[in-house]
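Student: I would like to go through this model element by element. Please keep the answers short.

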Amino acid sequence: MNPQKSTNSQTRPLELWGGLECTVNRVRDEYFSQLDRNGHAARACDIGRFASTGIRAIRYPVLWERTAPDGVANADWSWADERLNALREAGVAPIAGLVHHGSGPRHTSLVDPAFAEQLAEYAGAVAARYPWIEYYTPVNEPCTTARFAGLYGVWYPHGRDDRTFIEALLIQCRAVVLSMRAIRAVNPDAKLVQTDDLGKTYGTPKLAHVAEFYNERRWLAWDLLCGMVDEQHKLWKYLLKTGIAASEFLWFRENPCPPDIIGVNYYVTSERWLDHRPERFPEHHRGMADGIPCADIEASRVLATPTPGIAPLLSEIWDRYGIPLAITEAHIDANREDQLRWLLEIWEAAQQSQQNGVDVRAVTVWSLLGSFDWNSLVTQNKGYYEPGPFDVRSPLPRPTALAKMMKELSSATPLSHPVLRGQGWWRRPGRFLCHPPVATPSALTSISADGHRLVGTGAAPILILGATGTLGRAFARVCRKRNLSYRLLSRKEMDIADANSVERALAEHQPWAVINTCGYVRVDEAEHDAERCLRENTLGAAILAAACARHGIHLSTFSSDLVFDGRQDRPYVESDPVAPLNVYGRSKAEAEAAVLDKHPDALVVRTSAFFGPWDQHNFVTLALNALERGEPFVASNDLTITPTYVPDLVHACLDLAIDREAGIWHLSNGGELTWAELALKAAERAGVDASRLEARAIAFPAARPAYCALTSERGILLPRLDQALDRYLELRNVEDPEIEELQHTAESRQPVASGHRQQEETPPEAVQAGNC
């Protein structure tokens, strides 16, 4: 049975949908609930946030295992009642999901023969309670879920053979058929949105037969539902080899349930490359296929020319089924600018597909509240978080730049963010995990793979001020890695305390954002040089803020934990009153007030105790170097701080700048420890003998707060200190030519005899509390 092609209306505007990651995944007897972890389970007010993006529909959970784990008679509908009715009032159509990457209540599983009938009973109850719901996805991604639960052993019931894979697939597809039958008994007009991952596998000639098999296998769930599996199916012999009776497959010929909309889920991992030379690739990508040692890796990481992306795949599925399509998951785990670029590329591919005659109805932004631990396929509870249009690390979900982009897409407003003009990492030269990269098959290179239409058009830069400082060079390095247009300026190129200099630089470079890392940082010398400290830290920051406000430029600038007096017995949050003890702290406190007075949309980041792999003068590096040489190292044991890993700080600040966040924000890697405890912790993790570490009180000319640990009431964005230290140690002794180049460039820009060269963001803590 071949479904008839729908009538494609090329004039139909592409709709924007949203999706909510709601997996209740089971690994043995442990469950991972995304709704609990993202907070939506207890936060009905999210419905208004979702609606504010302009979405027309949302893939929304009405999960069997949450609503009726003990049977329909004992169902608790209160949660679903509140939220579904709120969606209805907001004008957002729910696409009700009943099982999402799960295996149902604890008493059943994907290989339980009773699974299908029991889910159908629940589906009928959902339809009876909400007869107005039109769209349903009874089981999300049945083929993908069957592979991970029945073939790869990743999810419950942890099968590792073809028979378990096919059993799980048949039972899920049967559940879809029976569920839709029960739903349509209540609502004859109910529509099935059947989702699955739409990927494709490519490979070397030696593995071409494996790639061909994988590319046929990906259709199985849709083929079964469309009644297309019989003796003529290309995988018929494979299916029968599992020992499952032919009648189990032919049942779908007699009971077809073709989707009303095929839901296509597409990720950067969806297109794969198989290579019979596994030694060329990282070890964790190596395995076996059809008895042949090989590597199985994302195509984007190996092919010299990237694949064209989703558009040709949409044509494939349209040609095969002729059923309307929607992209039901579009998401990438990446920095914010690449999340924006990915969504734009998907959106434009859908529009182009419409123009090519493919009936594409919508693009779904996934996931509205982000997701947890998908980097381990939700098999471990480690707290790894990928933000979406809303970031749930804040007390209430914080809209990111993706949320604004969604509003623009849904209202057909021109896209405004300058970072969209850059190329995503999956198309940049630095993406490769093998060298040299693999020559792209000619069938792929014949199609353009340049990405979205804004690529190559002029991109306004980020101006980074502080070319001689650790932080300024770190921002330049990360911007380069993230393909963010930037200019790194020295004081000679922009003196922030000179209004004319500021105006000239802004006029020359036309930035969309300024990141100010420069300033006076000599804490002790400031006691006798207050005029210069206040000029460079306070007056300069105010002049810069006023200029940025006049030109509509986002400003990020940095403050310090030294704005506090240290009399608290808990970590300081953003709203705590400032009371600096020294001139430097006063200059920063006054700068905060001046900047936000002149430019209320500016971002002021308080941070502390820098350490990182890209300079040799931070406290942790100085401590480890001295201890490794067997030299004594003195560190303060009477000043409590929270350390900050520079790469983490820079990435978070860039994301916040792209989101156009404003106000004061505390960013650090957490913890409360003295300088001596920090040196000891770093030495222990590095395996360095710390016996010559001397912890004692150190007297400084400028008073320091005894306790200035930082935390945030706005959101904990940086990873924990232990994780940061481990990543620092991995990079500590790695030669970095990019940093050397930036250092050389910055030094070459400096005036030869400035007389009072400005100190640019070398953290004072690097010298104030160590062996100096």
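Student: Which residues of helix 23 are buried?

Tutor: This is a predicted model, where local features need pLDDT of at least 70, side-chain atom pairs count only at pLDDT 80 or more, and totals for chains, interfaces and linings use all residues. Numbering starts from 1 along each chain as its sequence is written, and side-chain values use heavy atoms, with hydrogens and water left out. Helices (H or I, at least four residues) and strands (E, at least two) are DSSP runs, numbered from the N terminus; buried means under 20% relative accessible area (1.4 Å probe, protein chains only). In helix 23 (residues 721-731), the buried residues are Leu721, Ala724, Leu725 and Tyr728.

Student: Why are the buried residues on the same side of helix 23?

Tutor: An α-helix has 3.6 residues a turn, so residues three or four places apart point the same way. The arc is taken from the directions from the helix axis to the C-beta atoms. The buried residues sit on the same side of helix 23 because they cover an arc of only 100 degrees around the axis.

Student: At what angle do the axes of helix 6 and helix 7 cross?

Tutor: Axes are lines fitted to C-alpha atoms, for helices over the stretch in contact, and angles run from 0 to 180 degrees between N-to-C directions. Contact means heavy atoms within 4.5 Å. Among the residues that meet are Pro142 and Leu151 in helix 6, and Phe165 and Cys173 in helix 7. The axes of helix 6 (residues 142-151) and helix 7 (residues 162-186) come within 8 Å, and they cross at roughly 145 degrees.

Student: In which order do the strands of the closed barrel run?

Tutor: Two strands pair if DSSP finds at least two bridges between them. The barrel has 8 strands with parallel pairing. Its twist averages 25 degrees from one strand to the next. The order is 1-4-5-6-7-9-13-14.

Student: What is the bridge partner of tyrosine 135?

Tutor: Strand 6 (residues 135-139) pairs with strand 7 (residues 191-197) in the parallel sense, over 2 bridges. Helix 7 packs on this sheet and touches both strand 6 and strand 7. In strand 7, the partner of tyrosine 135 is lysine 191.

Student: Which are the edge strands of the open sheet?

Tutor: This sheet has 4 strands in the order 8-10-12-11, with mixed pairing. Strand 11 and strand 12 (residues 292-298) pair in the antiparallel sense over 4 bridges. An edge strand pairs on one side only, and here these are strand 8 (200-203) and strand 11 (286-289).

Notes: Buried means under 20% relative accessible area, exposed over 50%, partly exposed in between (1.4 Å probe, protein chains only).
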